[in-house]
Amino acid sequence: MAAKLVADCIFCRIIKGEIPSVKLLETATMFAFLDIGPLSEGHALVIPKYHAEKLHQVPDEFLTETMPVAKKIAAALGVDNYNILQNNGKLAHQEVPHVHFHIIPKPNEQEGLTIGWPTKQADPAKLRELASKLKL
C-alpha cells in the first residue's frame with residue numbers, strides 16, 4: 001500500500017521531510033510527532049500517510065495503527081488525564097485539512113484541552129428511528 005500525499009499540505013510535507021518535525025514514530029502507514037503549538041507538554045499528533053480531509057475518506061489500512069500508536073504515546077507520557085481528539089471539517093474546528101489525531105495531556109485545569117459539552121435531551125423514539133436509518 002502506497003502513501004497518498006499532496007504537495008500543498010503541511011502534514012504531507014512533514015511526512016516527506018520537507019518541513020522539520022520532532023518525530024516520535026513512523027511506520028509505512030502513519031507518522032507521529034510532537035505538536036509545535038502544544039496545549040500542554042507532550043501534545044502529539046498521529047497522522048495517516050494518506051491525504052484526506054475527513055476520517056471517512058481514509059482507507060482502513062491507513063488507520064489500523066493510529067489508535068495503538070496514540071495509546072503508546074499516552075502511556076509513554078505517563079499522565080493520568082489526557083484527551084484523544086480528531087476533528088472533521090472547519091465547523092468541527094479542524095485547522096489542517098489532513099486527518100490527524102491529537103494526544104493532549106491534561107496535567108491540570110489550566111493546561112491541555114478545554115471544552116464545553118452543550119448536551120441536549122434526546123427523544124428516545126427519535127434515537128431509535130435514527131439508529132434504524134443508520135443500519136450499520
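# Cores, cysteines and a covered strand

Student: Which residues does Val-58 touch, leaving out those up to four places away in sequence?
Tutor: Val-58 touches Pro-48, Tyr-50, Ala-52, Leu-63 and Val-99, with residues up to four places away in sequence not counted. Keep in mind that this is a predicted model.

Student: What about the largest nonpolar core, how many residues does it have?
Tutor: The largest nonpolar core has 16 residues. Val-58 is among those with the most contacts inside it, along with Ala-32, Val-46, Val-69, Ile-73 and Ile-103.

Student: And which elements give two or more residues to this core?
Tutor: Three strands and a helix: β2 (30-34), β3 (44-48) and β5 (101-105) are the strands, and α2 (66-77) is the helix.

Student: Which one gives the largest share?
Tutor: That is α2, with four residues of this core.

Student: Ok, what else is there in the way of cores?
Tutor: There is a second, separate core of 10 residues. Phe-33, Leu-45, Ile-47 and Val-96 are included in it.

Student: Why would such residues end up together?
Tutor: In soluble globular proteins, nonpolar side chains tend to be buried together.

Student: Back to β5. How many of its residues are buried?
Tutor: Five of its five residues are buried, so β5 counts as mostly covered.

Student: Which residues are on which side of β5?
Tutor: Phe-101, Ile-103 and Pro-105 are on one side, and His-102 and Ile-104 are on the other. Both faces are covered.

Student: What does β5 pair with?
Tutor: Strand β4 (residues 82-85) is joined to β5 by four bridges, and the two run antiparallel. β3 is also antiparallel to β5, with three bridges between them.

Student: Which residue in β5 is the bridge partner of Leu-85?
Tutor: His-102 is the partner of Leu-85. On the β3 side, Ala-44 stands opposite Ile-103.

Student: New topic. How many disulfides does a search of the whole structure find?
Tutor: Zero.

Student: Where is the nearest cysteine sulfur to Cys-9, then?
Tutor: The nearest is that of Cys-12, 3.7 Å away. A pair of sulfur atoms has to be within 2.5 Å to count as a disulfide, so Cys-9 is in none. The nearest cysteine sulfur to Cys-12 is that of Cys-9, and Cys-12 is in no disulfide either.

Student: Are those two cysteines buried or exposed?
Tutor: Cys-9 has 5% relative accessibility, and buried means under 20%, so Cys-9 counts as buried. Cys-12 is buried too, with a relative accessible area of 0%.

Technical notes
Residues numbered from 1 in each chain as written. Predicted model: local features only at pLDDT ≥ 70, side-chain atom pairs only at ≥ 80, totals over all residues. Heavy atoms only, no water. Core = buried A, V, L, I, M, F, W, Y, C linked by side-chain atoms within 4.5 Å. Buried < 20%, exposed > 50% of the residue type's maximum accessible area, 1.4 Å probe, protein only. Contact = heavy atoms within 4.5 Å. Pairing = 2+ DSSP bridges.
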